[in-house]
Amino acid sequence: MITKRRWAARVCILLAAMGAGLVPVGAVAGEPVAKEAPKVELVLDVSGSMRARDIDGQSRMAAAKQAFNEVLDAVPDEVRLGIRTLGADYSGDDRKRGCKDTRQLYPVGPLDRTEAKTAVATLAPTGWTPIGPALLGAAEDLKGGDATRRIVLITDGEDTCAPLDPCEVARDIAAKGIHLVIDTLGLVPDAKTRQQLTCIAEATGGTYTSVEHTDELSGRVRQLVDRAADPVVTPVETRGGRQCADAPQLKAGLYSDRASFGQHRWYRVDVLPGQELRASLTVSADRAVNNDYGVMLRALTSRGREIVRGSEAGHGRTDVISTGLRYPKAPVDGIDFDPDEDDAEAKPAAETVCLEVSNSFAAPPSVKTTPGMPVELTVDLVDAPDEASDVASFGLGRGWWLLGVLALAGLLAGLVWGWISRWRIAVWRTN
């Protein structure tokens, strides 16, 4: 009997061990599933125009190589990076052949910095500028999986292989719904190049940047690669109220809305004692607007008294304009509590802060004013500093006492200066 029990126990242990080996680690309840590593492919123009020597006294190709070496040294370990070229191999006049001149120089995957730098060092300005085919090839290189995917295109000129319009290629990529973002960088670009690269970037939700110096190129590419490694935050759609009383209640997060020209939008945030409200506002000018404009973000009490404000103004063409504010609320003396605690009785009463978003954009009569311009509002609640150094912490804009102190100081300074002036005149007359 004892022997049978021992054999049964051994069989159970063996089955348990086999089961543990077969069950994947991510299947265990409560454990997070590993996220796929982000993928980035750098697409570099190696066409003949890259020989031009107009970037910090060196050729565009030399500046690009130097920037690539700096970028490769700084790539985060979790990013899977690849490099594709266009115009690197064929220098002849056959258009059909030149417009197929794109290849993957370094495959998308774990980065071997030495190998990647060696591959880049072999490049020399050669042929055509087939941007459209290069984007299609890069999209193919990055296909598959749910990872964050990004193409960074660096070129010094517009595509030379129409009718395959690279802007239409970017739109087709966006229409596939594969969440692939294309960022473009123009090296000393002319107006046509700037327009084409802007169109490519906007089609996929990417960005366009003009570059005239080597440090600008390396810094911007590093920034875009780092951005691919950061988690993507999707804004939550909301609709601001016409006044604070009917405004939506917001918690910490990123929110999107639309505001018409000159319109005021209201939102509400509850701030507990010992917390600091940090809010930022970004308005995108997604259409032609008049030259002078501004945005303002104000924090007010529920009774309409201003607490603090942030504002920004500009002149000329712009894509976005931003401002922000901070409001630290003093803790309640003798009460120590956890803001994340669920016990309502342990928490002191929160203050309702009204956020007012306004803009002074105007547009020519031919421009449509509907729908409103895109607005992004970021709200964050953090622990307030023990000894806040910013002016909002001691009451700028909360009342009239600061104005009174300044007025009194000015009056006293005036009296003292007047007395000194009279004394000097009296001494001068005496002598």
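Which exposed residues does the face of helix 7 turned away from its buried side carry? They are Ala 191, Lys 192, Gln 195 and Glu 202, where exposed means over 50% relative accessible area, buried means under 20%, and partly exposed is what falls in between (1.4 Å probe, protein chains only).

Before going further, keep in mind that this is a predicted model, in which local features need pLDDT of at least 70 and side-chain atom pairs count only at pLDDT 80 or more, while totals for chains, interfaces and linings use all residues. Residues are numbered from 1 along each chain as its sequence is written, and side-chain values use heavy atoms, with hydrogens and water left out.

Let's stay with helix 7. This helix runs over residues 191-203, and its 13 residues reach 18 Å from first C-alpha to last, close to the 18 Å expected at 1.5 Å a residue (the expected span is 1.5 Å times one less than the number of residues). Its buried residues are Thr 193, Gln 196, Leu 197, Ile 200 and Ala 201. They sit on the same side of helix 7 because they cover an arc of only 130 degrees around the axis, taking the directions from the helix axis to the C-beta atoms. The cover over them includes helix 5 (131-141), helix 6 (166-175), strand 4 (149-155), strand 5 (180-187) and strand 6 (208-211). At the N-terminal end, Asp 190 acts as the cap, with a side-chain oxygen 3.4 Å from the backbone nitrogen of Lys 192. Just after the helix comes Gly 205, with a positive phi of about 80 degrees.

Now zoom out. The protein has 9 helices and 16 strands; these are DSSP runs, numbered from the N terminus, with helices (H or I) of at least four residues and strands (E) of at least two. Of its 431 residues, 41% are buried.

Next, the sheets, where two strands pair if DSSP finds at least two bridges between them. One open sheet of 5 strands follows the order 7-9-16-11-14, with mixed pairing. Strand 7 (236-237) and strand 14 (320-328) each have a single partner strand, so one side of each lacks a neighbour in the sheet. Within this sheet, strands 9 and 16 pair in the antiparallel sense over 7 bridges, and Asp 257 has Val 375 in strand 16 as its bridge partner.

Another open sheet, also mixed, has 5 strands in the order 8-10-15-12-13. Here strand 10 (residues 264-271) and strand 15 (residues 351-359) are antiparallel over 8 bridges, and Tyr 267 is bridged to Leu 355 in strand 15.

Terms used. Contact means heavy atoms within 4.5 Å. A polar contact is a pair of N or O atoms within 3.5 Å; within protein, one must be able to donate a hydrogen and the other to accept it, and residues adjacent in sequence count only if both atoms are side-chain atoms.
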